[in-house]
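Got the model open in your viewer? Switch to cartoon, keep the side chains handy, and follow along.

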Amino acid sequence: MSIIQVTSDIDNQFLSRRELTCDFAGLGGKLLKSQAIDMVTAECSLKDKFVIPISLRNQVGRTTVTGTFYVYDDESLAKKHINPAVFTRMDKQKGDDA
C-alpha cells in the first residue's frame, strides 16, 4: 500500500470548502481518481463529506502522484462552484467501476 502525505490543508472560508493537496508515494501512473478519493477519505476522516478530485499529477522522474482535492459539506454547493464536466467524469467512472 502506498503512503499518503498531506502537504497542504487549507480551510477556504470564502468558498465554504476545504482544499487538500496530498502526495501518494509509489503510485505513479497507477492511481485512479476513484481510488484517490477513497484513500483521502479514509486518511483524513472525511466519511460524511463530498470529496472532489480536481487534479492528479505525476511527478517527473519519481513514482509520486500529487493530488488536489476539494472537500464540501454540501453537494449542491459543490455543483454551484465546480465545472459540470467534473461531475460528468465522476459519474462515468462510477459507472465503469460498477
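Start by selecting Glu19: its bridge partner in strand 4 is Tyr70. Now widen the selection to strand 2 (residues 17-25) and strand 4 (residues 65-72), which pair in the antiparallel sense over seven bridges. Two strands count as paired here if DSSP finds at least two bridges between them. Strands are DSSP runs of E, at least two residues, and helices are runs of H or I, at least four residues, both numbered from the N terminus.

A quick word on what you're looking at: this is a predicted model, where local features need pLDDT of at least 70 and side-chain atom pairs count only at pLDDT 80 or more, while totals for chains, interfaces and linings use all residues. Residues are numbered from 1 along each chain as its sequence is written, and side-chain values use heavy atoms, with hydrogens and water left out.

Zoom out to the whole sheet. It is open, has four strands in the order 1-2-4-3, and the pairing is antiparallel. Go to the edges next: strand 1 (3-12) and strand 3 (50-58) each have a single partner strand, so one side of each lacks a neighbour in the sheet. On average, neighbouring strands of this sheet are turned by 20° against each other, direction ignored.

Now select helix 1 (residues 33-43). Helix 1 lies across strand 1, strand 2, strand 3 and strand 4, at about 120° to strand 3. Contact means heavy atoms within 4.5 Å; axes are lines fitted to C-alpha atoms, for helices over the stretch in contact, and angles run from 0 to 180 degrees between N-to-C directions.

Time for side chains. Which charged pairs should you pick? A salt bridge needs a side-chain nitrogen of Lys or Arg within 4 Å of a carboxyl oxygen of Asp or Glu, and the count comes to four. Here are three stops among them:

- Asp9 and Arg18: the closest N and O atoms are 2.7 Å apart. Asp9 is partly exposed at 42% relative accessible area, and Arg18 is partly exposed at 25%. (Buried is under 20%, exposed over 50%, partly exposed in between, with a 1.4 Å probe and protein chains only.)
- Asp73 and Lys49: the closest N and O atoms are 2.6 Å apart. This pair links distant parts of the chain, 24 residues apart: Asp73 sits in the loop between strand 4 and helix 2 (75-81), Lys49 in the loop between helix 1 and strand 3. Asp73 is exposed at 61%.
- Lys79 and Glu75: N to O is 3.5 Å. Both belong to helix 2, four residues apart, which means about one helical turn separates them.
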